[in-house]
Amino acid sequence: MTLEEKVLDYVRSRRKGALQSDIWKKFDIDSRKCSRIITNLEQNGLVYKKSEVANGRRTYRILSRYGLLMANDMVSPCCGCTGECVPEYCVHLSGWLLKL
Ligand code: SF4
């Protein structure tokens, strides 16, 4: 697994994403390298970032573009579904929600 994949996994594993300043500390890399990784992920449409102030310093919160459609490694069954939709009784949706 590449460092970029590890960073993406880390961001995806966190419901509220991760602060860029925490990512470079966690992976023991400098902020410039972290910034390049985030830029690559962003250009590939895998993450997006929001400006945020943490501990008095400006940083970015990195969020997965597909985080809300994923439960562990399973894509939401609603993606592309053409079934008659009654979410309260949908076994596919219930099964997926149990994985959250
Ligand atoms: S709730 Fe069930 S039926 Fe409705 S869109 Fe999702 S998977 Fe399809």
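Here are some questions and answers on a predicted model.

Me: What kind of model is this, and what pLDDT do side-chain atom pairs need?
Reply: Residues are numbered from 1 along each chain as its sequence is written, and side-chain values use heavy atoms, with hydrogens and water left out. It's a predicted model, where totals for chains, interfaces and linings use all residues, local features need pLDDT of at least 70, and side-chain atom pairs count only at pLDDT 80 or more.

Me: How far apart are the centres of domain 1 and domain 2?
Reply: The chain splits into domain 1 (3-65) and domain 2 (69-98), with bounds from an automatic or database domain assignment. Taken over C-alpha atoms, the separation of their centres is 28 Å.

Me: What geometry does the aromatic pair of Tyr-10 and Phe-27 have?
Reply: Rings of Phe, Tyr and Trp (its six-membered ring) pair if their centres lie within 6.5 Å; planes under 30 degrees apart are stacked, over 60 edge-to-face and the rest tilted. The structure holds one such pair. For Tyr-10 and Phe-27, the centres are 5.7 Å apart and the planes 85° apart, making it edge-to-face.

Me: Which parts does that pair tie together?
Reply: Helices (H or I, at least four residues) and strands (E, at least two) are DSSP runs, numbered from the N terminus. Tyr-10 lies in helix H1 (residues 3-12) and Phe-27 in the loop between helix H2 (20-26) and helix H3 (31-43), so the pair links parts 17 residues apart in sequence.

Me: Is Tyr-10 buried or exposed?
Reply: Buried means under 20% relative accessible area, exposed over 50%, partly exposed in between (1.4 Å probe, protein chains only). Tyr-10 has 17% relative accessibility, so call it buried.

Me: Which ring does Lys-49 lie over?
Reply: A charge sits over a ring if NZ of Lys or CZ of Arg is within 6 Å of the ring centre and within 35 degrees of the ring normal. Lys-25 has its charged end over the ring of Trp-24, 5.6 Å from the centre. Lys-49 is 4.4 Å from the ring centre of its partner, Tyr-60.

Me: What is the phi of Asn-55, and how exposed is that residue?
Reply: Asn-55 sits in the loop between strand E2 (47-54) and E3. Though not a glycine, Asn-55 has a positive phi of about 55°. Its relative accessibility is 82%, so Asn-55 counts as exposed.

Me: Where is Asp-28, which also has a positive phi?
Reply: Asp-28 isn't a glycine either, yet its phi is near 55°. With a relative accessible area of 71%, Asp-28 is exposed. You'll find Asp-28 in the loop between H2 and H3.
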